[in-house]
Amino acid sequence: MSGFQVFYGKYGTRDITKDPCVDVGRTGQLVLSGAAFELAGGPEHVELLYDPDIGRVGIRNVTGRPPRHAYRVTRQGNDRWTINGSAFVKHNCIDIGDGVTSRRWPVELIDDGEGGKVLCAGISQPGIPLGATALKRIT
């Protein structure tokens, strides 16, 4: 198999992963893998958090009646869940870089210090570029 390159078609490198991760798109859409969704407790609504000092995005499950600032989590396809975080991404000046449609980061579940859990992605690292234009740049 040495020398062969995988053709990803119009979807570029965007694949369905079994690992807990989050994709952040240029438009601000956040996409959770099925594993990340389950790790977060299968939320219907979430709060979006940002730590600018260390470049970390947090997603916290909201139980009960969601506050006005909560974001709805919607299913997209078989094993992906989306959050429309465009205002969040714009407000926090989160830049995924030129020439890609989105980037993927692994996530981990940490304590929020208030007895809850937060799904975190360290976006200070470059992340994995996704999308058809990313395929052209990395091959």
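A residue is called buried when its relative accessible area is under 20%, exposed when this is over 50%, and partly exposed in between (1.4 Å probe, protein chains only). This report applies the term to salt bridges in a predicted model, in which local features need pLDDT of at least 70 and side-chain atom pairs count only at pLDDT 80 or more, while totals for chains, interfaces and linings use all residues. Residues are numbered from 1 along each chain as its sequence is written, and side-chain values use heavy atoms, with hydrogens and water left out.

A salt bridge is a side-chain nitrogen of Lys or Arg within 4 Å of a carboxyl oxygen of Asp or Glu. The count by this rule is six salt bridges. The table lists three of them, including two formed by Asp23.

| Acidic residue | Basic residue | Closest N and O atoms |
|---|---|---|
| Asp23 | Arg80 | 3.1 Å |
| Asp23 | Arg104 | 2.7 Å |
| Glu47 | Arg60 | 2.8 Å |

Strands (E, at least two residues) and helices (H or I, at least four) are DSSP runs, numbered from the N terminus. Asp23 belongs to strand 1 (residues 21–25) and Arg80 to strand 6 (residues 80–84), so their salt bridge ties together parts that are 57 residues apart in sequence. Asp23 is buried, at a relative accessible area of 2%, and Arg80 is buried at 9%. Arg104, in strand 7 (residues 102–106), lies 81 residues from Asp23 and is likewise buried.

Glu47 in strand 3 (residues 45–51) and Arg60 in strand 4 (residues 56–62) are 13 residues apart. Glu47 is buried, with a relative accessible area of 16%; Arg60 is buried at 17%. Through salt bridges that share partners, Glu47, Arg60, Asp112 and Glu114 form one network.
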